[in-house]
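Here is a short tour to read alongside your sequence and model. Keep the 3D view open and follow each stop as it comes up.

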Amino acid sequence: QVQLVESGGGLVQPGGSLRLSCAASGRIFSISDMGWYRQAPGKERELVARFSNGGATNYADSVKGRFTISRDNAKNTQYLQMNSLKPEDTAVYYCKADITIAAVGREFRYWGQGTQVTVSS
């Protein structure tokens, strides 16, 4: 059994910062593609930031220069540092990881449970 557990969301004023964490646990052999997505009310889920299999990072244009994705491979954890938050960043944020299960040798895609980020004064 593999799961992703998110933490770090909350209410913040415009211009503030939050740091999201996403820890993977279970019978993990390796983790490749990791990333963060968000879904605002009435909108489709969209990419925020991700690591590709080669380690390169990609960001949505709307968050470039404000958000930073990072990972701690030893802890199977990824982070999203969000600075200079704007009201339009309000959404439920989901982490995603493509994980190869130990002893199975197959890769599966997992999603976190989602964490609410609200930017409001």
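In this predicted model, R50 of β5 has N58 as its bridge partner in β6. Strand β6 covers residues 57-59, and three bridges join β5 to β6 in an antiparallel arrangement. From here, the tour moves to the other side of β5, then to two buried aspartates, an open sheet, the disulfide and the nonpolar core.

**Around β4 and β5**

- Five bridges connect β4 with β5, and the two strands run antiparallel.
- If you would like a pair to click on, M34 has F51 as its bridge partner in β5.
- β4 and β5 make up a hairpin, with six residues between the two strands.
- In the turn of that hairpin, look for G42, which has a positive phi of about 80 degrees.

**D33, a buried aspartate in β4**

- D33 is part of strand β4.
- Is D33 buried or exposed? Its relative accessible area is 11%, and D33 is therefore buried, the cut-off being under 20%.
- The side chain of D33 makes a polar contact of 2.4 Å with the side chain of R50, the residue that is bridged to N58 in β6.
- Another polar contact, of 3.5 Å, links the side chains of D33 and K96.
- Setting aside neighbours within four places in sequence, D33 is in contact with R50, F51, K96, A97 and D98.

**D89, a buried aspartate in a loop**

- D89 sits in the loop between β8 and β9.
- With a relative accessible area of 1%, D89 is buried.
- Which side chain has a polar contact of 3.0 Å with that of D89? The partner is R38.
- Beyond residues up to four places away in sequence, D89 touches R38, R66, F67, S84, V117 and V119.

**The open four-stranded sheet**

- Four strands form an open sheet in the order β1-β3-β8-β7, paired antiparallel.
- The edges are held by β1 (3-7) and β7; each has a single partner strand, so one side of each is left without a neighbour in the sheet.
- On average, neighbouring strands of this sheet are turned by 15 degrees against each other, direction ignored.
- β1 and β3 run antiparallel and are joined by five bridges.
- Two pairs to look for between these strands are Q3 with its bridge partner S25 in β3, and S7 with its bridge partner S21, also in β3.
- β3 and β8 run antiparallel too, with six bridges between them.
- On β8, M82 is the residue that stands opposite L18.

**The disulfide**

- How many disulfides does a search of the whole structure find? It finds one.
- The bond is formed by C22 and C95, whose sulfur atoms are 2.1 Å apart.
- C22 belongs to strand β3 and C95 to strand β9, so this pair ties together parts that lie 73 residues apart in sequence.
- The link of C22 and C95 is right-handed, with 60 degrees about the S-S bond.
- Both C22 and C95 are buried.

**The nonpolar core**

- In soluble globular proteins, nonpolar side chains tend to be buried together.
- Here, the largest nonpolar core has 30 residues.
- L80, M82, Y93 and I99 are the residues with the most contacts inside this core.
- At least two core residues come from each of β3 (18-25), β4 (28-39), β5 (46-51), β7 (67-72), β8 (77-82), β9 (91-101) and β11 (115-119).
- Which strand gives the most to this core? That is β9, with six residues.
- L80 is a good place to center your view: leaving out residues up to four places away in sequence, L80 touches L18, R19, L20, W36, V48, A49, F67, T68, I69 and Y93.
- Two residues in that contact list return from earlier stops: L18 stands opposite M82 in β8, and F67 is among the residues that D89 touches.

Key: Residues are numbered from 1 along each chain as its sequence is written. This is a predicted model: local features need pLDDT of at least 70, side-chain atom pairs count only at pLDDT 80 or more; totals for chains, interfaces and linings use all residues. Side-chain values use heavy atoms; hydrogens and water are left out. A nonpolar core is a set of buried Ala, Val, Leu, Ile, Met, Phe, Trp, Tyr and Cys residues joined through side-chain atoms within 4.5 Å. Buried means under 20% relative accessible area, exposed over 50%, partly exposed in between (1.4 Å probe, protein chains only). Contact means heavy atoms within 4.5 Å. A disulfide is a pair of cysteine sulfur atoms within 2.5 Å. Two strands pair if DSSP finds at least two bridges between them. Axes are lines fitted to C-alpha atoms, for helices over the stretch in contact, and angles run from 0 to 180 degrees between N-to-C directions. A polar contact is a pair of N or O atoms within 3.5 Å; within protein, one must be able to donate a hydrogen and the other to accept it, and residues adjacent in sequence count only if both atoms are side-chain atoms.
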